[in-house]
Amino acid sequence: MDSRRSNGATMHVRGAGRGKAGRKIRRALVIGAHPDDNEAGCGGTIARMVQEGWDVTYIVCTNGNKGSHDPQMSSYQLSARREEEQQAAAGLLGVQQVIFLRHEDGTLQPSPELRAEMALYIRHFRPHAIFTHDPWQRYMLHPDHRAVGFAVLDGIVNARDHLFMPGLSQIGIPAWRPDVVYLWCADQPDHTEDISTTCALKLAALDEHRSQQHSLGPFVVALEQQMQAWGQAAGFMYGEAFKKIPLNEEESAAYLIIEKKDTVPSLVWR
Ligand SMILES: [Zn+2]
């Protein structure tokens with residue numbers, strides 16, 4: 001994945017292992033509240049990253065068992081069906097692994113428990129890039145989206161600093177600092193990825209979530225227009241826009257300069 005339209009810096013890949021052909025393995029973790037959030041949020045970028053050799057893991061936090069308008073549908077049937085749909089969608093994009101946390105849909109809180117859970121997976125998978133919800137998106141109704149966004153960001157702090165959860169280091173799960181976080185549905189997007197060659201794949205992956213057609217139908221039409229508008233603003237045919245939060249020292253330093261474009265600059269601790 002390149003970092004066009006960020007600030008000209010290239011992504012620094014630290015701690016990458018080597019695959020069979022000796023190439024560096026770069027890992028990404030995509031963490032969404034419900035089955036279909038990951039495709040909607042960053043499916044085009046993920047498809048391109050997989051094609052570029054990234055190893056991508058999905059985490060789906062809830063079982064999605066409230067997402068139906070069908071009066072005949074039960075929560076039990078729905079959660080099983082949504083896992084199948086999520087596997088099919090992830091398979092289309094080339095995602096290597098999907099982890100289902102199976103929390104009850106609609107009940108997530110940005111609790112210390114969820115934060116610790118996120119930190120554990122981040123330390124385990126050692127991702128260079130993390131994608132998740134922007135919890136600061138104004139007027140976003142769904143509480144799970146906010147809860148996951150906050151828990152992931154808080155979890156990154158717990159994952160990167162070894163004095164958090166010290167027992168994990170003692171059982172061989174040391175601290176891990178990702179290089180960058182991308183927030184989708186961002187309140188203030190500042191980075192666009194080129195998905196001109198993978199936008200169709202993203203739409204096909206969304207189409208795998210057939211139990212969600214009641215809400216995805218009109219949403220997908222608007223989403224395609226949004227991806228076109230984002231892309232064209234950045235010089236691409238289609239794009240996905242994110243709030244990019246660099247965590248490695250080189251890019252964080254560069255970003256402090258970018259963020260001073262506001263009339264009153266804010267100093268941000270990450
Ligand atoms: Zn959702």
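A residue is called buried here if 20 or more other C-beta atoms lie within 10 Å of its own, exposed if 12 or fewer do, and partly exposed in between, with the C-beta atoms placed from the backbone. By that criterion, buried residues make up 43% of the 270 residues in the chain. The structure is a predicted model, in which local features need pLDDT of at least 70 and side-chain atom pairs count only at pLDDT 80 or more, whereas totals for chains, interfaces and linings use all residues. Residues are numbered from 1 along each chain as its sequence is written.

The pLDDT, which is the predictor's confidence in each residue on a scale from 0 to 100, averages 88 over the chain, and 84% of the residues score at least 70. Over residues 2-13 the pLDDT is below 50, although this stretch has 25 contacts in the model beyond near neighbours in sequence. A contact is counted if the C-beta atoms of two residues, placed from the backbone, lie within 7 Å. Of the contacts in the chain with a separation of 6 or more, 77% are between residues 24 or more positions apart.

**The sheet**

The chain holds 8 helices and 7 strands, where helices (H or I, at least four residues) and strands (E, at least two) are DSSP runs numbered from the N terminus. The 7 strands form an open sheet with mixed pairing, in the order β3-β2-β1-β4-β5-β7-β6; two strands pair if DSSP finds at least two bridges between them. At the edges stand β3 (97-103) and β6 (191-194), each of which pairs on one side only. On average, and with direction ignored, neighbouring strands of this sheet are turned by 25° against each other. Some of the pairings are set out below.

| Pairing | Sense and bridges | A pair of residues |
|---|---|---|
| β2 (residues 54-62) and β3 | parallel, 5 bridges | Thr 57 and Gln 97 |
| β5 and β7 | antiparallel, 4 bridges | Val 180 and Pro 246 |
| β6 and β7 | antiparallel, 4 bridges | Thr 192 and Ala 241 |

In β7, 7 of the 8 residues are buried, so that the strand is mostly covered by the criterion of C-beta neighbours. The edge strand β6 is covered on both faces, with His 191 and Glu 193 buried on one side and Thr 192 and Asp 194 buried on the other. Asp 194 stands opposite Gly 239 in β7.

**Helices on the sheet**

Helix α1 (residues 37-51) lies across β1 (26-32), β2, β4 (129-133), β5 (180-184), β6 and β7 (239-246), and runs at about 170° to β1. Helix α7 (residues 213-234) also packs on the sheet, where it touches β6 and β7, and its direction makes about 70° with that of β7. These angles run from 0 to 180 degrees between N-to-C directions, and the axes are lines fitted to C-alpha atoms, for helices over the stretch in contact.

With 22 residues, α7 reaches 30 Å from its first C-alpha to its last, close to the 32 Å expected at 1.5 Å a residue, the expected span being 1.5 Å times one less than the number of residues. A kink of about 30° in α7 is centred on Phe 219, the bend at a residue being the angle between axes fitted to the seven residues ending there and the seven starting there. The buried residues of α7 are Met 227, Trp 230 and Gly 231, and these pack against β6, α6 (199-207) and β7. An α-helix has 3.6 residues a turn, so residues three or four places apart point the same way.

Gln 226 also has its place in α7, but Gln 226 counts as partly exposed because there are 15 C-beta neighbours inside 10 Å. The C-alpha atom of Gln 226 is separated by 8.4 Å from that of Gly 239, 13 residues apart along the chain. After α7 comes Gly 235, whose phi is positive, near 90°.

**Helix α3**

Helix α3 (residues 112-125) has 14 residues and reaches 20 Å from its first C-alpha to its last, close to the 20 Å expected at 1.5 Å a residue. Its buried residues are Leu 114, Arg 115, Met 118, Ala 119, Ile 122 and Arg 123, which pack against β1, α4 (143-160) and α5 (166-170). Just after α3, Arg 126 takes a positive phi of about 50°.
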